[in-house]
Amino acid sequence: MAVSLQTKYPLRPITNIPRSYRPSLLRVRVTCSVTTIKPQPNREKLVVEQRIVNPPLSNDHTLQSTKPQPNREKLVVEQRLASPPLPNDPTLKSTWTHRLWVAAGCTTLFVSLAKSVIGGFDSHLWLEPALAGYAGYILADLGSGVYHWAIDNYGDESTPVVGSQIEAFQGHHKWPWTITRRQFANNLHALAQVITFTVLPLDLAFNDPVFHGFVCTFAFCIMFSQQFHAWAHGTKSKLPPLVVALQDMGLLVSRRQHAEHHRAPYNNNYCIVSGAWNNVLDESKVFEALEMVFYCQLGVRPRSWSEPNSDWTEETEISNNQA
C-alpha cells in the first residue's frame, strides 16, 4: 500500500542553523580612541581599529575547537583642529623683523611726504598737492574695500603671495576680537613690505610734489589700514580719545559701521580706512555684480554665497573662555 510522502516525512522549519551561517556574514566592529600628540597642541591623532570577522566555512576546524581570529587593520588619521590664539600666543607678538619692515615702510612714506612738501614750497604749489593727498585718502578707502572683498571671498592659504593674508582674514571672521591682541608691528608688517617695495622706486624716480602728495597719503592709509581696522574692533573706553573723535567724525571707519561686516550675510561694509565708500558700494551692489561676472565666466562661487557656516560663525571671547 502506498504511503503518502508528506505523511511519512513531514516538513519542519529549519531553526538550528548557527547564526554565523545566516545571510549577515560580515560583521565590522570599529573602536575609536583619541590621544593627544605632543608637542603640537592643535593636532590630534585619531586611531580607528577595524575588526573584520570572516564567516567560517563549513569544513572550518575552528568550529570545533577555537573561535575565529579576527583580522585587524589600523587607520591613522591626523586631524588639524582650529582653535583661537591664546592671549600670550607668539603669533600675536611683534618680532624684530616685523619692526624693521614697519620702519622701512614708514621711511619710504616720509621721503615721499618730504618731496611733496619741499617740492610744493619750491614751486609755490600748495593747493594741488593737498587735493592730490585728499584724492589718495578717498581712493585708499576704496582700494581697501576691493582688496578686503577679494580675499574674503576667493582663494585660500595656498594662493600665491596673498595666501597667508587670506588665511588670517578667515581666522579673523571666526575670532574678530583677536585683532585687538595683535601688537602694532605684527599687525602692519605684511602691508609695510608691500609699501616699501612699491613706494621706494617711486621715491627714487619722481620728484613731482603733486604726484607725491597722492602717493604718500594713499600709501599711508593702505599701510595703516589694518591699525584702523583693529581700532574698529576696540572698546571705546580703551581707545585713545583722538581715535574715538576721528571715528565719530567719519574720518576713520567707525566701530558701529564695521560691526555690520561681521553679521550675516557677511557681504557688506568691506572698506576699512574711513568707510566712506561702504554705502555707495553696498547700495549699488557693485560687489554682487562682480561676483556674478566671476561665477558666469569662471564658474567660481564666492564664499559669501554659502555663508554663514562654522568657519565664519563668530565666537566671542567670553564663550571661548568658558569652553
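These legends accompany several close-up views of a predicted model.

**View 1. The whole chain sets the scene for the close-ups.** The protein has 323 residues, and 33% of them count as buried. Its secondary structure comes to 12 helices and three strands. If you like contact maps, take the contacts between residues at least 6 apart in sequence: 67% of these join residues at least 24 apart.

**View 2. Here is the largest nonpolar core, with 18 residues.** Val102, Leu109, Ile195, Met223 and Phe224 are the members that touch the most other members. Four helices each supply at least two residues of this core: α2 (96-123), α3 (127-153), α5 (184-205) and α6 (209-223). Another core, of six residues, lies apart from it, and includes Trp149, Tyr270, Cys271 and Leu281.

**View 3. Leu109 is shown with its contacts from elsewhere in the sequence.** Leaving aside residues up to four places away in sequence, Leu109 touches Ile195, Cys216, Ala219, Phe220, Met223 and Phe224. Among these partners, Ile195 is a buried residue of α5.

**View 4. Helix α5 has a kink centred on Ala190.** The bend there is about 45°. How far apart are the end C-alpha atoms of α5? They are 30 Å apart, which agrees with the 32 Å that its 22 residues should span at 1.5 Å a residue. Many side chains to look for here belong to buried residues, among them Asn186, His189, Ala192, Thr196, Val199 and Asp203. The buried residues of α5 pack against α2, α4 (163-174), α6 and α7 (225-232).

**View 5. Helices α5 and α7 cross at roughly 140°.** Their axes come within 8 Å. Because angles over 145 degrees would count as roughly antiparallel, the crossing at roughly 140° leaves α5 oblique to α7. On the α5 side, the residues that meet α7 are Phe184, Asn187, Leu188 and Leu191. Their counterparts in α7 are Ser225, Gln226, Gln227 and Ala230. Three of the α5 residues named here, Asn187, Leu188 and Leu191, are also buried.

**View 6. Ser225 is seen in its place in helix α7.** Is Ser225 buried or exposed? Its relative accessibility is 5%, so Ser225 counts as buried; the cut-off for that is under 20%. Not counting residues up to four places away in sequence, Ser225 touches Leu191, Ile272 and Val273. Leu191 also appears in the previous view, among the α5 residues that meet α7.

Notes:
Residues numbered from 1 in each chain as written. Predicted model: local features only at pLDDT ≥ 70, side-chain atom pairs only at ≥ 80, totals over all residues. Heavy atoms only, no water. Core = buried A, V, L, I, M, F, W, Y, C linked by side-chain atoms within 4.5 Å. Buried < 20%, exposed > 50% of the residue type's maximum accessible area, 1.4 Å probe, protein only. Contact = heavy atoms within 4.5 Å. Expected span 1.5 Å × (residues − 1). Bend = angle between axes of the 7 residues up to and from the residue. Axes fitted to C-alpha atoms, helices over the stretch in contact; angles between N-to-C directions. Parallel < 35°, antiparallel > 145°, perpendicular 65-115°, else oblique.
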